[in-house]
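The exercises below are meant to be worked through slowly, with the sequence and the three-dimensional view open side by side. Try each task before reading its solution.

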Amino acid sequence: MDADVLIVGAGSVGMATGFYLARKGARVILLDEAEAPHSLGSHHGSTRLIRYAYGEGAAYIPLLLRARVLWQELEQLAGKRLFEPCGVVNLGTSGSPFLAQVVRSASEYQLTLEQLDATQTMARWPAWQLSPDIRGGFEPDAGVLYCERALSAWRRLGQARGAVLLGGQQVTELKAVGGQITAGTASGLQLKATRVLVSAGHRVAPLLAGLGLPLPLQRVRKTFAWYHADESVHDPAALSGFSADLPGGIFYGFPTLEGAGLKVGRHDGGQPLEPEQPLLPFGAYDEDQEELNGFVRRYLPGAGEMIAGKACHYVRTPDEHFILDRHPEHQQLFIASACSGHGFKFASVLGELFASWMLDGETGFDLSPFSLDRFRFIG
Ligand SMILES: Cc1cc2nc3c(=O)[nH]c(=O)nc-3n(C[C@H](O)[C@H](O)[C@H](O)COP(=O)(O)OP(=O)(O)OC[C@H]3O[C@@H](n4cnc5c(N)ncnc54)[C@H](O)[C@@H]3O)c2cc1C
């Protein structure tokens, strides 16, 4: 089977890239260990936040602004609701570096950000119980993306344009032969192409280690859960999405959407995992329930009992920024690790960007903050 481009890992970024490549007329084959969307990677659990006054750094904002346009376009092409315009409030104490960066990012890019004190935040969204030292930065244009629905849309739209998706194919080895890269799978397939994107989530590091490139990526087990909601205070009309850097940890959450319940997850912490270590289900550790219940009881006390929880994994870099680069010795191999638990919102723009980079040699963005060079001095 011939292809112009191979994609190893058809998850959030891989599936999006497959669509944009096929739309540009490329012959593309996507390999995934299962039939994405699925729950083996980092893209399950129905919903993801998208916000623009970025607390993780202003370098992401040009990507985010393009991502927003592409999400709107995808929603139209898919003919399905992919975005919930409920806004997102960033919460933090006055000393929170995250909240300070949210304010700087908004100011630098003239993004709409309403700054609120604790009393104003609780008046606006009565579900919150906040101490006086907590402040909020509300982004009315932000909201929630339906992640699995988006993957299904790219999958369908990409296949309709000729993309070939091979599910159930775990890539076990990458080899550079001449000007080409060969991907070998556990089932014995050998596929090659002159351009390859490695977007295999927690297996980016082991696959690239085989090509002489050690990457400082740590897989981490994470949990999230849904709670019985009181629609009068947890409905999107009464509660926005949130990202909260508060005493007790960094948490994020969603109003009750489509009757699913209030959803809460913890962003920091988690249990480090080896690449092939099994992901134990929610409830395997006492802290799975304790941490989330602790946050909900303290800050959102009107929520009811936990309905269900799930486990997922993040892939973290030491500085929690993405890796978007090419292999230094094999330039035909592109690396997408939109990692560290904040990458989904970028999947649309990264799909477009990698398609342009691999076919036309240009990205249209400054990717230097996401290059491998920054790890050169890590021992
Ligand atoms: C609980 C949770 C909450 C999150 N919340 C947010 C949020 O609110 N907002 C946000 O922007 N981001 C959020 N994220 C982060 C975001 O979901 C991830 O950053 C993003 O999904 C990563 O995309 P990816 O394409 O790198 O990985 P994935 O979507 O996981 O795709 C990787 C794919 O590669 C496949 N694969 C792996 N190994 C192989 C192999 N050897 N061969 C073939 N295929 C392979 C996997 O099966 C998978 O399909 C959250 C993540 C989690 C886990």
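**Exercise 1. The ends of two helices**

Find the residue just after helix α5 that takes a positive phi, and then find its counterpart after helix α1.

Solution. Keep in mind throughout that this is a predicted model. Step one is to go just past the end of α5, where Gly162 takes a positive phi of about 105°. Step two is to turn to α1, which is followed by Gly25, and there the phi is again positive, near 95°.

**Exercise 2. The length and packing of α5**

What span should helix α5 have at 1.5 Å a residue, and which of its residues are buried?

Solution. Step one uses the length of the helix: α5 covers residues 147-160, which is 14 residues, and at 1.5 Å a residue these should span 20 Å. Step two compares this with the model, where the end C-alpha atoms are 20 Å apart, so the two values agree. Step three asks for burial, for which a residue needs 20 or more other C-beta atoms within 10 Å of its own. The residues of α5 that are buried are Cys147, Ala150, Leu151, Ala153, Trp154, Arg155 and Gly158. Here it helps to recall that an α-helix has 3.6 residues a turn, so residues three or four places apart point the same way. Step four looks for the partners of these buried residues, which pack against α1, β3, α2 (61-78), β8 (143-146) and β9 (164-166).

**Exercise 3. The surroundings of α1**

How many of the 12 residues of α1 are buried, and which elements do they pack against?

Solution. Step one is the length: α1 has 12 residues and reaches 17 Å from its first C-alpha to its last, which is close to the 16 Å expected at 1.5 Å a residue. Step two is the count of buried residues, which is 11 of the 12, so α1 is largely enclosed by the rest of the structure. Among the buried residues are Ser12, Met15, Phe19, Tyr20 and Leu21. Step three names the elements that these buried residues pack against, namely β1 (5-8), β2 (28-31), α5, β13 (195-198), β21 (333-337) and α9 (347-360).

**Exercise 4. The shell around the ligand**

Which residues are closest to the ligand, and where does the ligand lie with respect to the two domains?

Solution. Step one is to find the shell, in which 39 residues surround the ligand, the closest being Gly9, Gly11, Gly41, Gly201 and Gly343. Step two sorts the shell by element: α1, β3 (47-50), β14 (218-227) and β19 (306-316) each give two or more residues, and the largest share, 3 residues, comes from α1. Step three sorts the shell by class, which gives 17 nonpolar, 16 polar and 6 charged residues. Step four brings in the domains: domain 1 (5-44 + 148-216 + 319-375) and domain 2 (88-140 + 218-316) both give residues to this shell, so the ligand's place is between them.

**Exercise 5. Two domains in contact**

How far apart do the C-alpha centres of domain 1 and domain 2 lie, and how many residues does each domain bring to the contact?

Solution. Step one is the separation of the C-alpha centres, which lie 29 Å apart. Step two is the contact itself, which takes 12 residues from domain 1 and 9 residues from domain 2. Step three looks at the side of domain 1 that touches domain 2, where there are 3 nonpolar, 7 polar and 2 charged residues.

**Exercise 6. Unusual backbone in the loops**

Which peptide bond is cis, and which residues other than glycine have a positive phi?

Solution. Step one is the cis peptide bond, which joins Ala36 and Pro37 with an omega of about 5°, and Pro37 lies in the loop between β2 and β3. Step two stays in the loop between β2 and β3, where Ser46 is found; the phi of Ser46 is positive, near 75°. Ser46 has 17 other C-beta atoms within 10 Å and is therefore partly exposed. Step three moves to the loop between β19 and β20 (323-326), which holds Glu320, a residue whose phi is also positive, near 60°. With 15 other C-beta atoms within 10 Å, Glu320 is partly exposed.

Technical notes:
Residues numbered from 1 in each chain as written. Predicted model: local features only at pLDDT ≥ 70, side-chain atom pairs only at ≥ 80, totals over all residues. Near = placed C-beta within 6 Å. Helix = DSSP H or I, 4+ residues; strand = E, 2+ residues; numbered from the N terminus. Nonpolar A, V, L, I, M, F, W, Y, C, P; charged D, E, K, R; others polar. Domains from an automatic or database assignment. Expected span 1.5 Å × (residues − 1). Contact = placed C-beta atoms within 7 Å.
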